[in-house]
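Here is a small set of exercises to work through with the model open in your viewer. Try each task before reading its solution.

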Amino acid sequence: MTTPGPSPVLPRTGVLPRGVLAGYALGSLVTGAFGTVPGLLLLPYLTDTLGVAAGAAGLLVLLPKAWDVVVNPMAGRISDRAGSRRPFLLVAGLLLGVLFAAIFGAPFAGSAASGAYVAVAFLAAATAYAFFQVPYVAMPAELTDGYAERTRLMTWRVAVLALAILASGALAPLVVELTGGGREGHRWSGAFVGALIVVGTLATFLGTRKADSRTAAESEPSLRAQLRVASGNRPFRALLICFVVQAAGIGTMLAGVQYFADHVLFQSSGATFLFAAFVGPALLVMPLWSAAGRRWGKLRSLIVSSLLFTAGALLLLAAPVLPPAVVYGIVAVIGAGYAGQQVFAMSMLPDCIAYDTERTGRRQAGVFTGLWTAGETFGLALGPGIFAAMLQIFGYASSATGEAAAQSDDARLGVLLGFTVVPAVLVGAALVVLRGYRELTRTEVPS
């Protein structure tokens, strides 16, 4: 049976001012940095600088982020009850900037003590992030009730997200390298990304201060009741499952960037070039994806962009025999697919929220976005865990010197498969659940 989806024919609103669009979008400096850099640097930091075994390092990365599955719905419920979501952005974002820098400042010499310190600091940062991200993701459904205007808002957001990924993901490894590598280099890199988070926090708090906010008049009386309503929203459920599985695939690829650069491409600055190839073209294709959404609809465009990502990831299996320039070109194709995935999934989310609000008349965007961000965070955290498991299975050797150890052929094969086949399978297979989601006109929405 095909699951009803949210209506694309909602009341037309005025065009959002550019200042509001830019102000909201700049919050992606926060979400992009925290969503990217831990998945990129934390696993190699643990295995190649602190000397933590790959399997244990994977758990240290996964478990603190898994906590978000619990705390994100709580953050959603709390922000739903508040009069404004913006104060959450300010307080949580500033706290996150400090805690992020602390993650990469392990003061202990031993690998066990350092690993435990990283886990605690990461847990605290993940909690602060939940209270920023959940209200932030809830805001689009309240800033506008226009179906097309949400796509425009998400296009701005994803464009800034791409810039944030480029600035944090490409520059963070470079900062490590330029400041001496090892523990000291990672401390400087953590401080750099923490400062970027603070800038994004202040920009989105100030930029949205004049924005109108549309909210439903009533909220569900309890968290349990809200969770029951959210789980009963079948289009939301289908979209959420797809997004979480795809986030795990993306997280797996992010976790493997440094390893792929070191042990497949054998280039010292390869991680920076890979990120530039991944993100740079994404900025150029955003107008194309926006046009595709208008022509094909969001659902079909999400499927096309996901298949583009999958095909590109599988092509990278040939990376050991390809020139680096060709590899970077394939990564650019993957980045174009990733940009489409993000813009359409995130613009479909407020459609699901608006569909539910129209149906129930209750204000519960925070719970939907709490579940959404919990799922996204868990998926992105599961990715490094999956990649770490691949390293453990294929015999990756850890190091406490700040430099990656020489690896066996089996270990290099594990890096290659973890960076290519695993993300491709996860992103492609996730599309199966979208059979339960389709877009309807207003007259087709069930009463």
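**Exercise 1. Find the salt bridges, and say for each whether its residues are buried, partly exposed or exposed.**

Step 1. Set the criterion: a side-chain nitrogen of Lys or Arg within 4 Å of a carboxyl oxygen of Asp or Glu. By this rule there are three salt bridges.

Before going on, a word on conventions. This is a predicted model, in which local features need pLDDT of at least 70 and side-chain atom pairs count only at pLDDT 80 or more, while totals for chains, interfaces and linings use all residues. Residues are numbered from 1 along each chain as its sequence is written, and side-chain values use heavy atoms, with hydrogens and water left out.

Step 2. Take Lys298 and Asp351, whose closest N and O atoms are 2.7 Å apart. Because Lys298 lies in helix H13 (residues 298–315) and Asp351 in helix H14, this pair ties together parts 53 residues apart in sequence. Helices here are DSSP runs (H or I, at least four residues), numbered from the N terminus.

Step 3. Check burial, with buried meaning under 20% relative accessible area, exposed over 50% and partly exposed in between (1.4 Å probe, protein chains only). Lys298 is buried at 2%, and Asp351 is buried at 1%.

Step 4. Move to Arg187 and Glu184, which meet at 3.5 Å, N to O. They are three residues apart in helix H9, so about one helical turn separates them. Arg187 is partly exposed at 31%, and Glu184 is partly exposed at 41%.

Step 5. Finish with Asp409 and Arg412, joined at 2.1 Å, N to O. Both belong to helix H16 (residues 409–419), again three residues apart, about one turn. Asp409 is exposed at 56%, whereas Arg412 is partly exposed at 24%.

**Exercise 2. Which residues does His186 touch, not counting residues up to four places away in sequence?**

Step 1. Locate His186 in helix H9 (residues 182–207). His186 has 7% relative accessibility, so it counts as buried.

Step 2. List its contacts (heavy atoms within 4.5 Å): Tyr45, Thr49, Phe104 and Val176.

**Exercise 3. How many cavities of 30 Å³ or more are there, and what lines the largest and the second largest cavity?**

Step 1. Use a 1 Å grid over the protein atoms alone: a cavity is a set of points where a 1.4 Å probe fits but cannot get out, and lining residues have an atom within 4 Å of a point. Points are joined across faces, edges and corners, and a volume is the space filled by probe spheres set on them. The count is five cavities.

Step 2. The largest cavity holds about 250 Å³. Its lining has 21 residues, with Gly35, Tyr338, Gln342, Glu376 and Leu380 nearest the centre.

Step 3. Sort that lining by class: 11 nonpolar, seven polar and three charged residues. Nonpolar covers Ala, Val, Leu, Ile, Met, Phe, Trp, Tyr, Cys and Pro; charged covers Asp, Glu, Lys and Arg; the others, Gly among them, are polar.

Step 4. The second largest cavity has about 110 Å³. Its lining has 11 nonpolar, no polar and no charged residues, including Ile250, Phe278 and Phe419. Helix H11 gives the most, with four residues.

Technical notes: 1 Å grid on protein atoms, 1.4 Å probe; cavity = no way out; pocket = protein on both sides within 12 Å on 5 of 7 lines; lining within 4 Å. Helix = DSSP H or I, 4+ residues; strand = E, 2+ residues; numbered from the N terminus.
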